[in-house]
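Trainee: Got a minute? I'd like to go through a structure with you.
Mentor: Sure, put it up.

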Amino acid sequence: MLLPKFEFHEPESIEKALVLKKQFNSGARFLAGGTDLLVYLKKKIVSTDHVISLQRIEGLGEIRENESDLFIGACTTMAAISRHPAVQKRFCALKSGADNMGTHLIRNRATIGGNVCNASPAGDTLPALLVYDAAALVISPDGKRDIPLRDFFKGPGKTDLKNDEILTGFRLPNPPDHSGAHYIQLGKRKSAEINVVNAASFLTIDPGAGNILSVRIALGSVAPTPIRAPEAEAALMGNTAGDDAFNAAAEIARSRDCSPIDDFRGSAAYRRAMVGVLTKRTLAAAFDQARA
Amino acid sequence: MKSYDVISTRANRIDTPDKATGKAVFVDDITLPGMLYGALLQSPHAHAKILSIDTTEAEKLPGVKAVITAKEAGQVKYGVSPARYDETVFAVDKVRYVGDEIAAVAATSLDVALDAVSRIKVTYEELPAVFTVEDAVKDGAPQLHDEFKGNLCAEVHQEFGNVAEGLENSDIVITTEMKSKRQDGAFIEMQGCIAEYDNRGVLTLTSSTQVPHYVQRTVAMVLGMDVGKVRVKKPYVGAGFGIKAAANPMELACCMLAKKTKKPVKMNFTREQVFMYGRARHRFHHTITTGAKKDGTLMALKHECWLDGGAYTSFGIATVYYTGSLLGGPYKLANMSYDGYRVYNNKPACGAQRGHGAVIARACFEQQLDMIAEKIGMDPLELRIKNMMETGDTTCNDLNMRSFGMAECIEAVRNGSDWDKKKGHMPPGKGIGMACGFFVSGAGYPIYRSDTFHGTVIVKLTEDGGTALVYTASAEIGQGSDTAFAMIAAEALGIPLENVRLASGDTDMGVDLGAYSSRQTLMTGHATKEAAENVRRQVLEVLSEQLNVPVEKMDIRNGFIEFDGDTPDFSALRTRYIKEHRGWTDNPDSDKLTFKEASRIAFLERGSIVGTGKYKPHSLGGKFKGAAVGTSPAYGCSAQVAEVTVDMDTGQITIDRITDAHDCGKAINMTSVEGQMEGSISMGIGEAMHEEVIFDNQGRVLNHDLAEYKIVTSMDMPRVKTIVVESDEPNGPFGAKEVGEGAIMPTIPAILNAVYDAAGVRVYELPLTPERVFHAIQEYRERTRASA
Ligand SMILES: Cc1cc2nc3c(=O)[nH]c(=O)nc-3n(C[C@H](O)[C@H](O)[C@H](O)COP(=O)(O)OP(=O)(O)OC[C@H]3O[C@@H](n4cnc5c(N)ncnc54)[C@H](O)[C@@H]3O)c2cc1C
């Protein structure tokens, strides 16, 4: 398995990258960390004559703390995300997703933009981005647009991104007080694992009454894309946070919010059962943080 | 106790500096002038007739130097054991698995070679294929080999004692099954080789192999060459685990391409091809019945096993025998029967892997020991102590334990794990379990029938004196054998390790059967010791003549000559030595005569001092059919305790701790012994927990990379406490015997027994994926609910 030949471009600005992309149209592919793209090229799952690297474009690899949100550049690596103080402090579910991805070597290269564009149902950062209600920031020759992450995934490997668009980064609104979030991935071994099921939950509570003010649950590997669990979320809204509510929500997520399939990594039945367990556990852990 | 200066220490390995700095040369580091690159055409079908092969387009491609198929390669059959040669280098009329070799190309670059391979046109007529043992033995199933009707590759039927009677006289009889999955060795270095054919007609194959000797013989046989014109050598090798213990078709094709092009040719497997080629551990399906008395005495064992063999025999004949014979111990057991069947099907062939044939049988049987213990209310550790063999015992199938530290091992893990405090007192979801095992220290016989020595070694002293050169054809594949033999030579000769240089892995250096069946430490070790002692004697003989002291009154230790009683006046010798070194600043001035002076004098008197050593086991074992498989000059044994946590909601298992004791006779290098123990445990955990080669319904491997074939990561590896037990094996050099494979035996059953202790479930199929364990827990809950 040798890497096929292609022409390699390293533009230093978004504008130049857009021009190059337009010039080669669908014949060109963007390269971030390359941990998906190069594997696909070697395995001949993808073929291309032109590879346009995004690595030299300034700003794409940065994390910026704004007043009400956190900007994470598309080319930020898992290692950089995991290390960042703001992520550690306010977005621990995302840190945990980044920490769980592949191996050290992969985490030093793999980017969050690549993980999202790869749109694997099992992607490790996707549930956290979903529950933090992230927006994908996109640019094209026609201008910019924001895509709520919820609407970004269209199928395994398929996204809302158009051929001439570049993903520049993500905006994650700062979580309010009395909120918490947690991510769990479940696989056969303890690391370097492709998830059998993964899930994240986010909730905000009223510290006095203890009822749930907002909640988001995201599930991976149990549908063609990572998904939110709308029915389970609806069942929780306004209720008193606690084991009873979480158990009930877990049961709804398990029975109504997911549509897993059998494959060589696991059966649909097991995946469905684990949706229940992970929903409950992520909610409970998020709740612990919210009341801490 | 004898005291030693070199062995028994934690000497640094002699290959560490080169490996740590990237200087160590592996096959892929080698490039030769004018070298071509080879590539294989492998079958995309699991079972098909080859109607025609058209290589014209491939040959036309610029840069292509040779294209060969069965037409050029001939149809010489080869394999592992001469009793069952069932392979040809290239498929002759049909292909039998996805990956079966059809043709090979040599070209000026790998790109061109691969391009050429894609231009070879093969017309196939697809045949129905079978992928499981069950389907392969059905009436009317597609047949793989005309000579072996019913796809039965081999069957074994043995009975020792009287099993029916033994079971009748038992108070408790337990029958269980155990199913495992096909493994991959997952060695770090994919197979690779370079063949060169010189102007005088000598073929040199440099290969990533465990067995230069067997590869040499196979190459000579298949290419129709004199063995003397074939030289096989190995550079550093990134492990093998049994998979590299025979010649592979790429090595043979590479030799043919070199012969045809008269240029060096290099070939490599990709990781995908490693999986396609297979030859690792079989998939086993055991049914075992064990009978015991109420007091725990084991009475009888009835064993049936079906082995999923794949398309060819490879090591399979040995495997199917080992699977039965290595249940004979480490317990006293008078009655044992075995019915083993190895079945062909359209998947890559399976072969030998660490713990050859015996690992899953033990996983089944050692669980039954725990079940028996539970039934009679006995501590499973006590049950094992009650039944265990002792030094000098012989199993019902004639395996003789000349040294056997089984009792010491069990006591060591009992104390090391705090067993007595923990067993029966683990909190919910946590469990503790144990198991034992034993393994050969080398096979009693070579793979082909022969009176050959199993190992020969040459030790030569450099003419300047002071350095010993050790030449052995044995195979350092990462396990540390070079270091072990350098240490043995240094010890036997009486000089420091730094004064020994060693070269290995080259058939020009002698005969050595290679690195398999845990044989080298004992066998090559013996030959090394004998060669070093021979050299030592020659030096002392010369000294004896010069100093008029009997040889028995002298010794060499730490590089100095020691005299029994008064030191004679050796000033004449020293003067003679120093005279030759006028102007040198480091002439000896010690009170003692140095080895360097002595060996220089020996050279001046006798010429080059060379000693040879050899080893062949004494005649071993029983007279029954198959007795040769399982007999060994010595057996290592071990006990392990595993502690686990089971997540009762997800089925995930965490292995918290493993305590391992192994009797290796005598640790030549303590650190290497521990390394083998830990390595065995990591491989055992992988097989127990997540390793399995998965196929689609066309016979293609789905997980042919190390992302999806899940070996143990550092995060999965528990804390391991290793305890080395030394029983001083009479048949071993300095008392040493195996550790490389025996240490894997108890790992899987210890984990299974711990899982039962933690979760109340017995799982009869591997690996213990969260999903499988989850379902077992669900069933258990339903069962207990129903009965409540
Ligand atoms: C050994 C190994 C282990 C892995 N383990 C995991 C794991 O545990 N969990 C997991 O989720 N993933 C895993 N992966 C997959 C992969 O590492 C991740 O999906 C990673 O985040 C991809 O990022 P990248 O920067 O390498 O993407 P690339 O390969 O560079 O790009 C991926 C795709 O996205 C497109 N793209 C990238 N950035 C942009 C952009 N800014 N705008 C538009 N298009 C873009 C590319 O054109 C390409 O099609 C693993 C991969 C390997 C090789």
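Mentor: We'll take confidence, the chain contact, two helix pairs and a loop residue.

Trainee: What kind of model is this, and how are things numbered?
Mentor: It is a predicted model; local features need pLDDT of at least 70, side-chain atom pairs count only at pLDDT 80 or more, and totals for chains, interfaces and linings use all residues. Residues are numbered from 1 along each chain as its sequence is written, while chains are lettered from A and ligands numbered from 1 in the order in which they are written.

Trainee: What pLDDT does chain B average?
Mentor: Chain B averages 97, and 100% of its residues score at least 70. pLDDT is the predictor's confidence in each residue, from 0 to 100.

Trainee: And what ipTM and pTM does the complex get?
Mentor: An ipTM of 0.95 and a pTM of 0.97, both from the predictor.

Trainee: How many residues does each chain bring to the contact?
Mentor: Chain A brings 16 and chain B brings 21. Residues are in contact if their C-beta atoms, placed from the backbone, lie within 7 Å.

Trainee: Which element gives the most on the chain A side?
Mentor: α11(A), with four residues. Helices (H or I, at least four residues) and strands (E, at least two) are DSSP runs, numbered from the N terminus.

Trainee: What sort of residues are on that side of chain A?
Mentor: Ten nonpolar, three polar and three charged. Ala, Val, Leu, Ile, Met, Phe, Trp, Tyr, Cys and Pro count as nonpolar, Asp, Glu, Lys and Arg as charged, and the others, Gly among them, as polar.

Trainee: New topic. How do α10(A) and α11(A) pack?
Mentor: At an angle of about 145°, with axes 8 Å apart. Axes are lines fitted to C-alpha atoms, for helices over the stretch in contact, and angles run from 0 to 180 degrees between N-to-C directions.

Trainee: Which residues touch there?
Mentor: Among them are Phe246(A) and Ala250(A) of α10(A), and Val275(A) and Leu283(A) of α11(A).

Trainee: Over to chain B. How do α16(B) and α18(B) cross?
Mentor: Their axes come within 9 Å and cross at roughly 80°. The helices are therefore roughly perpendicular (65 to 115 degrees). Val539(B) is one of the α16(B) residues in this contact, and Ile601(B) is one from α18(B).

Trainee: Last one. Is Asn697(B) buried or exposed?
Mentor: Exposed, with 8 other C-beta atoms within 10 Å. The cut-off for exposed is 12 or fewer, with C-beta atoms placed from the backbone. Asn697(B) sits in the loop between α19 and β25 of chain B.

Definitions and conventions. Parallel < 35°, antiparallel > 145°, perpendicular 65-115°, else oblique. Contact = placed C-beta atoms within 7 Å. Buried ≥ 20, exposed ≤ 12 C-beta atoms within 10 Å, placed from the backbone.
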